[in-house]
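Q: Hi! Could you walk me through this fold? I'd like to go over the sheet, a few helix contacts and the empty spaces.

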Amino acid sequence: MDLELEAYIMEHSEGEPAILAELNRTTHLNVMRPRMLSGNLQGQFLRMLCEMIQARRVLEIGTYTGYAAISMAMGMTDGGMVHTIDINDELEEMVRDFVHRSGMEKRICFHVGDACEVIPRLDELFDLVFIDADKRQYLEYYRLVFDKVRSGGMIVADDVLWDGKVVDTQSRDAQTRGILEFNDFVQSDSRVENILLPVRHGLMLIRKK
């Protein structure tokens with residue numbers, strides 16, 4: 001996106017909470033691949049979505065440094081819970097520190113491990129699932145969580161445009177193939193309604209009928 005246009009968008013969107021601005025800076029200074037961070041635009045979108053659907057149970061697949069988890073928790077009322085899963089235990093201390101400092105500790109349950117092993121153990125019915133992990137496994141995540149999402153609930157998948165590689169016939173690496181397989185499956189799934197939004201790297205909004 002044009003930098004001037006991006007700046008205009010941010011000037012006309014809800015401001016970034018101080019703790020998330022600090023998390024943003026810390027991630028860019030200390031963590032590899034900081035572009036994986038959700039950032040304020042996507043964070044505010046997820047927070048507002050949680051408020052709109054009055055989410056009380058949320059699942060996030062792919063915590064990274066915790067930006068999206070904290071954002072979604074901020075959109076929930078007391079008693080709500082975000083279950084967030086990440087396989088990278090090297091970031092655990094940083095995630096837990098920022099969750100604590102954000103004041104969202106009672107609304108976030110952080111699971112360290114393989115999501116494909118953790119998800120079946122979660123005895124919850126979710127209002128919202130946010131998928132932002134290994135692109136090669138998006139369809140597997142979708143299948144694992146589908147029966148754990150309530151009727152009328154939402155599944156949101158990030159990176160579904162994958163830097164434009166979805167329309168580049170020369171880009172057929174394993175991650176691109178995973179995204180293409182996921183997008184095509186959702187589009188043909190009669191159990192849901194879906195819309196693909198060109199927000200950041202592409203967000204697929206999926207509503208379970």
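A: Happy to; what follows goes through the sheet, then the helix contacts, then the cavity and pocket. Keep in mind that this is a predicted model.

Q: Great, sheet first. How many strands form the open sheet, and in what order?
A: Seven strands form it, in the order β3-β2-β1-β4-β5-β7-β6, with mixed pairing.

Q: And which are the edge strands?
A: Those are β3 (108–112) and β6 (192–197), each of which pairs on one side only.

Q: What does the twist average from one strand to the next?
A: The twist averages 15° between one strand and the next.

Q: Let's take β1 and β4. Do they run parallel or antiparallel, and how many bridges join them?
A: They run parallel: strand β1 (residues 57–61) is joined to strand β4 (residues 126–131) by four bridges. If you want a spot to look at, E60 stands opposite F130 in β4.

Q: Now the edge strand β6. In what sense does β6 pair with β7, and over how many bridges?
A: The pairing of β6 with strand β7 (residues 203–208) is antiparallel and spans six bridges. I195 has L205 in β7 as its bridge partner.

Q: How many residues lie between β6 and β7 in the hairpin?
A: Five residues lie between them. R200 sits in that turn and has a positive phi of about 50°.

Q: Switching to helices. How do α2 and α4 cross?
A: The axes of helix α2 (residues 18–30) and helix α4 (residues 67–74) come within 10 Å and cross at roughly 170°. The two helices are therefore roughly antiparallel to each other.

Q: Which residues meet there?
A: From α2 you have I19, L20, L23 and N24, and they meet Y67, I70, S71 and M74 in α4. The contact has six nonpolar and two polar residues, with no charged ones.

Q: What about α7 and α8: at what angle do their axes cross?
A: For helix α7 (residues 138–146) and helix α8 (residues 174–187) the crossing is at roughly 40°, and the axes come within 8 Å. That makes α7 oblique to α8.

Q: And which side chains should I look up for that pair? I mean, which residues in α7 and α8 meet?
A: Y138, L139, Y142 and R143 in α7 meet I179, E181, F182, F185 and V186 in α8. Seven of the contact residues are nonpolar and two are charged, with no polar ones.

Q: On to empty space. What is the volume of the largest cavity, and which residues line it?
A: Its volume is about 50 Å³. The lining consists of M36, L37, S38, E60, G62, T63, Y64, T65, G66, Y67, A68 and D132. E60, which stands opposite F130, is thus familiar from the sheet. By class, that lining has five nonpolar, five polar and two charged residues.

Q: And the largest pocket: what is its volume, and which residues lie nearest its centre?
A: The largest pocket has a volume of about 910 Å³. Its lining has 33 residues, and R33, M36, Y64, A133 and D134 lie nearest the centre.

Q: How does the lining of the largest pocket divide by class?
A: There are 12 nonpolar, eight polar and 13 charged residues in that lining.

Terms used. Residues numbered from 1 in each chain as written. Predicted model: local features only at pLDDT ≥ 70, side-chain atom pairs only at ≥ 80, totals over all residues. Heavy atoms only, no water. Axes fitted to C-alpha atoms, helices over the stretch in contact; angles between N-to-C directions. Parallel < 35°, antiparallel > 145°, perpendicular 65-115°, else oblique. Contact = heavy atoms within 4.5 Å. Nonpolar A, V, L, I, M, F, W, Y, C, P; charged D, E, K, R; others polar. 1 Å grid on protein atoms, 1.4 Å probe; cavity = no way out; pocket = protein on both sides within 12 Å on 5 of 7 lines; lining within 4 Å. Points joined across faces, edges and corners; volume = space filled by probe spheres on them. Pairing = 2+ DSSP bridges.
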